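Student: Could we go through this protein together? I would like to begin with the overall picture and then turn to single residues.

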Amino acid sequence: MFGYIAVNQAALTPECREKYRACYCGLCRILKERYGQLGRITLSNDMTFLSMLLQSLYEPRQEHGSRRCALHPIRKRDYCMSEATAYAADMNIILTYYKCLDHLKDDHNPLEGAQAGLLKKAFQKARKLHPEKCGIIAGCLEKISSLEKEDSRDIDALCNLSGEMLGEIFAWKRDAFAEPLWEIGAGLGRFIYFMDAYEDFDADTRKKRFNPLRDMHGQADYEEFCLNTMQMLLSDATQAFDMLPLETNLEILRSVLYNGVWMHYARMHGQKGKEKEQAHGQ
């Protein structure tokens with residue numbers, strides 16, 4: 001659910017890195033303001049991207065500043081935040097809470113259960129602010145869980161539910177921008193579910209957990225099929241993104257969509273390449 005919508009810092013100019021960091025720090029500050037220090041542990045690049053996208057599109061009044069914090073007590077850090085950042089913070093809390101419950105269910109990890117318990121009050125506050133969105137997110141997750149319990153191989157249905165969930169999160173307001181924003185989120189949601197299944201296949205097999213790609217894995221064209229599918233799913237998001245009248249932070253946002261989201265895939269295949277070299281004594 002988290003971790004795939006990332007920024008490749010090395011691919012950005014120093015100026016763009018500073019802008020992205022300011023947005024990241026702004027999200028961190030609002031998480032603390034709205035949900036206390038505990039809120040900061042949910043901070044993610046995924047919702048930083050959403051915050052920057054919504055700020056660039058809607059251009060709300062922004063607060064800029066430079067402050068020290070507990071994580072950076074010596075050097076002041078620039079920050080930028082707005083009502084779009086506050087919305088992204090709420091979604092960050094909601095998704096993190098559900099992520100903890102999901103991991104608790106899959107791995108029976110008591111730490112995840114403890115974190116969910118700590119976040120429950122913050123989650124209830126965020127749910128009160130966004131009851132409709134929370135209902136849709138919860139419904140999608142419940143349907144995904146049901147299909148996974150049935151050991152379903154309907155990867156399309158599973159990806160579409162993930163897409164519906166993230167589409168709802170990206171569509172901040174019910175206005176003219178709602179449809180393309182929903183499509184960006186939906187494309188990313190489908191990509192994330194498929195990418196997560198692809199990346200976790202070996203671990204899921206080892207731990208005898210559900211994975212919807214199990215029947216496809218033995219096929220000769222498995223790797224090509226997975227890559228082509230992920231490219232197709234992501235193209236839905238990028239096509240919708242190109243429809244938006246964006247001017248500010250365009251280089252950063254494009255970098256995330258066209259580069260950053262592939263970092264896990266590149267890392268996986270880089271590691272596999274090293275393992276092959278070691279196996280052949282190179």
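Tutor: We shall go from the whole chain to its core and then to some residues. This is a predicted model, in which local features need pLDDT of at least 70 and side-chain atom pairs count only at pLDDT 80 or more, while totals for chains, interfaces and linings use all residues. Residues are numbered from 1 along each chain as its sequence is written, and side-chain values use heavy atoms, with hydrogens and water left out.

Student: How many helices and strands are there in the protein?

Tutor: The protein has 11 helices and 2 strands. Helices (H or I, at least four residues) and strands (E, at least two) are DSSP runs, numbered from the N terminus. In sequence order the pattern reads α-α-β-β-α-α-α-α-α-α-α-α-α.

Student: And what is the radius of gyration of the protein?

Tutor: It is 19 Å, close to the 19 Å that the globule rule gives for 282 residues, so the protein is as compact as a globular protein of that length. The radius is taken over C-alpha atoms, and the rule is 2.2 Å times the number of residues to the power 0.38. Along the principal axes, the C-alpha trace spans about 55 × 40 × 40 Å.

Student: What share of the residues is buried?

Tutor: Buried residues make up 49% of the 282 residues. Buried means under 20% relative accessible area, exposed over 50%, and partly exposed in between (1.4 Å probe, protein chains only).

Student: Which residues touch the most others in the largest nonpolar core?

Tutor: They are Leu 53, Phe 170, Leu 188 and Leu 213, in a core of 88 residues. Helix H3 (residues 83-107) gives the most to this core, with 12 residues. A nonpolar core is a set of buried Ala, Val, Leu, Ile, Met, Phe, Trp, Tyr and Cys residues joined through side-chain atoms within 4.5 Å.

Student: What is Leu 213 in contact with?

Tutor: Beyond its neighbours within four places in sequence, Leu 213 is in contact with Ile 155, Phe 194, Ala 197, Tyr 198, Phe 201, Tyr 222 and Cys 226. Contact means heavy atoms within 4.5 Å.

Student: New topic: Cys 80. Where does it lie?

Tutor: Cys 80 lies in strand E2 (residues 77-81). Its C-alpha atom is 5.6 Å from that of Glu 63, although the two are 17 residues apart along the chain. With neighbours up to four places away in sequence left aside, the contacts of Cys 80 include Ala 22, Cys 23, Glu 63 and His 64.

Student: Is Cys 80 buried or exposed?

Tutor: Cys 80 counts as buried, because its relative accessibility is 8%.

Student: And Asp 204, buried or exposed?

Tutor: Asp 204 also counts as buried, at 7% relative accessibility. This residue is found in helix H8 (residues 201-206). Not counting residues up to four places away in sequence, Asp 204 touches Arg 209, Phe 210 and Asn 211.

Student: What about the loops? Where is Glu 59 found?

Tutor: Glu 59 is in the loop between helix H2 (45-58) and strand E1 (63-67). Its phi is near 50 degrees, a positive value in a residue other than glycine. Glu 59 counts as exposed, because its relative accessibility is 57%.

Student: What is the phi of Asn 249?

Tutor: Asn 249 has a positive phi of about 60 degrees although it is not a glycine. Its place is in the loop between helix H9 (222-241) and helix H10 (250-258).
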